[in-house]
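Subject: Structure handover

Hello,

Here is the structure we talked about. Please open it first, then read my notes below.

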Amino acid sequence: MSQTEIISIEPATGNELWRGKTGDVDAAVDRARRAWPAWAAQPLATRIELVRRFANEVRKASDKLAELISKETGKPLWESRTEVEAVINKVDISVTAYAERTGQKKLDSALQGTAAVRHKPHGVMVVLGPYNFPAHLPNGHIVPALIAGNVVIFKPSEKTPAVGELLMECFNKAGISAAVAQFFVGGPEEGKALVAHRGIDGVLFTGSAQAGIAINKRLASNPGKIVALEMGGNNPIVVIDTPKITDAATLIVQSAFTSAGQRCTAARRLIIKESMYGPIIDEVKSLVSRIIVGEPFADPAPFMGPVIDNNAADQLVESFLYFLSNGGKAIRHMTRPDDSLPFLSPSIIDTTDMPDRPDVELFGPLLQVIKVKDFDQAIIEANRTRFGLAASLIGGSPQDYNRFWANIRAGIVNWNRPTNGASSNAPFGGLGLSGNHRPAAFYAADYCAYPVASTEMDQPRATIGVGLSTT
Ligand code: NAD
């Protein structure tokens, strides 16, 4: 594969931030394969100590990393700081998760010997990262993979290579070699080549459903390779009876517009009971009118920055216009003050009367509103999607929540909480087009190692009790 150049542009300014040549896939896999046996043979305590040192390196570089995340993604600085915290906290959580989910167990010991379950690493893991959390999400694969004894080739999104590079430098400074934790530059073509390489043992992917499906197809005839797919959503937030209008509106705004709507768990569809529609929409409109959209380092701090690039902004504006010209009614128009930059205002559109609402993930600050008669219809509407990542119910009684929980198809189901902001101490994954039943976060340990069952005795001791002739 011939080398090309990847250039990263700061969304908020349009300035070039980083450039670099795409990596050599064969050389990267070869280097990783050669490094794996020694890494896997290290005692677990050594690997844990090294990832703890990594956390310290991130602590030391935290201001630099947060600023770089803000520059490269356009996220407000306060938000990038929370991402850096999540990177640091991932280490302790992953150490606990390894022990709880994939530790060693002696099952029984009797005359027949001892039965034990232990876990082994897969080998060379390719980690493919998205742009929206360019440090935290790939790190959520990398740390557990390293603890379990895998080596990692990490290809960040072509939109966020600079953050990827700094993250990997922290591993390397901590004493984890660049062959064990390898930074690899590339776009989708290099991603495809890594996935298809015979020398890899697994792919840990976070990104769009479209790319995830392509990876799944590519590896369908290789069942021995582990594939963990964390993909997008078309997430519902359902509002039924509640007297707490301001809180409900706040939860809706946080769910739909945090990170300029560029979260896999962002609420895309507000499904709202007829009787609540007027007061809730008035309050949401008033809150949204106060949202500051601005560059990441602005003072006062913005609530949200731009979307990732002009291409994404063009597509979102186009989607808003599509809704408008197909029966949608604008509640708040999507505006773009400067056509040369990807800043968008938070937008809301009522699509109740649209005959065919497209079931796609619109990854930006665009919230659809769908009015329903009652709770039954709300649940039907919420489940009208091929995705199944996050869903929230706002209002209702404990009995209503029980029904919602039982009937909604999603891997994250919340009550009177936003759809986003999941805990790293819980599993994180979805159904349908959102994932392949290999949840990340606390359960990442599960896909980073495979169980080996053994029965063992210190001496051979055996008799055959029946079925032998006496001579
Ligand atoms: P993307 O799918 O465009 O890219 C993700 C990564 O995959 C990049 O590194 C890219 O280069 C690579 N890639 C793209 N096509 C590929 C292919 N055919 N083969 C191999 N590699 C390929 O995603 P994105 O636009 O960077 O990120 C946004 C998406 O990620 C949204 O859909 C969002 O919902 C999703 N996401 C999901 C989660 C989750 O945990 N479920 C979290 C964050 C983001």
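I start with the second largest pocket. Domain 1 (5-231 + 435-456) and domain 2 (235-415) both give residues to its lining, so this pocket lies between them. Keep in mind that this is a predicted model.

The second largest pocket holds about 670 Å³ of space. Its lining counts 30 residues. Nearest its centre lie Ala86, Phe133, His136, Ala422 and Ser424. Three elements give two or more residues to this lining: helix H4 (77-102), helix H5 (136-148) and strand E20 (440-441). H4 gives the most, with 9 residues. By class, the lining residues divide into 12 nonpolar, 12 polar and 6 charged.

Now the largest pocket. How much space lies in it? About 1400 Å³. A total of 43 residues line this pocket. Lys159, Gly207, Ser208, Gln210 and Ala211 are the ones nearest its centre. The elements with two or more residues in the lining are helix H7 (188-196), strand E8 (202-206), helix H8 (209-218) and helix H11 (310-325). Which of them gives the most? That is H8, with 6 residues. The lining has 21 nonpolar residues, 13 polar ones and 9 charged ones. Both domains take part here too: domain 1 (5-231 + 435-456) and domain 2 (235-415) each supply at least three residues.

Next, the sheets.

One open sheet has 5 strands, in the order E7-E6-E5-E8-E9. Its pairing is parallel. Why do two of its strands each have a side without a neighbour? Strand E7 (181-183) and strand E9 (226-230) stand at the edges with a single partner strand each, so one side of each is left free in the sheet. From one strand to the next, the twist averages 15°.

Look at E8 and E9 in detail. They run parallel, and 5 bridges join them. Leu204 stands opposite Ala228 in E9. E8 also appears in the lining of the largest pocket, as noted above.

Two helices lie across this sheet's strands. Helix H1 (residues 25-41) crosses strand E5 (124-128), strand E6 (151-155) and E7. H1 runs at about 150° to E6. H7 lies across E5, E6 and E8, and its angle to E6 is about 155°. H7 is another element that gives residues to the largest pocket.

The other open sheet has 7 strands. Their order is E12-E13-E14-E11-E10-E16-E17, and the pairing is mixed. Which strands stand at the edges? They are strand E12 (329-332) and strand E17 (412-415), each paired on one side only. Neighbouring strands here are turned by 20° against each other on average, direction ignored.

Within this sheet, 5 bridges join strand E10 (residues 235-239) to strand E11 (residues 267-273). These two strands run parallel. Val239 has Ile272 in E11 as its bridge partner. Helix H13 (residues 398-407) packs on the sheet. H13 touches E10, strand E16 (390-394) and E17. The direction of H13 makes about 170° with that of E17.

For a first look, I would show the two pockets, then the two sheets.

Best wishes

Key
Residues are numbered from 1 along each chain as its sequence is written. This is a predicted model: local features need pLDDT of at least 70, side-chain atom pairs count only at pLDDT 80 or more; totals for chains, interfaces and linings use all residues. Side-chain values use heavy atoms; hydrogens and water are left out. On a 1 Å grid over the protein atoms alone, a cavity is a set of points where a 1.4 Å probe fits but cannot get out, and a pocket is an open set with protein on both sides within 12 Å along at least five of seven lines; lining residues have an atom within 4 Å of a point. Grid points are joined across faces, edges and corners, and a volume is the space filled by probe spheres set on the points. Helices (H or I, at least four residues) and strands (E, at least two) are DSSP runs, numbered from the N terminus. Ala, Val, Leu, Ile, Met, Phe, Trp, Tyr, Cys and Pro count as nonpolar, Asp, Glu, Lys and Arg as charged, and the others, Gly among them, as polar. Domain bounds come from an automatic or database domain assignment. Two strands pair if DSSP finds at least two bridges between them. Axes are lines fitted to C-alpha atoms, for helices over the stretch in contact, and angles run from 0 to 180 degrees between N-to-C directions. Contact means heavy atoms within 4.5 Å.
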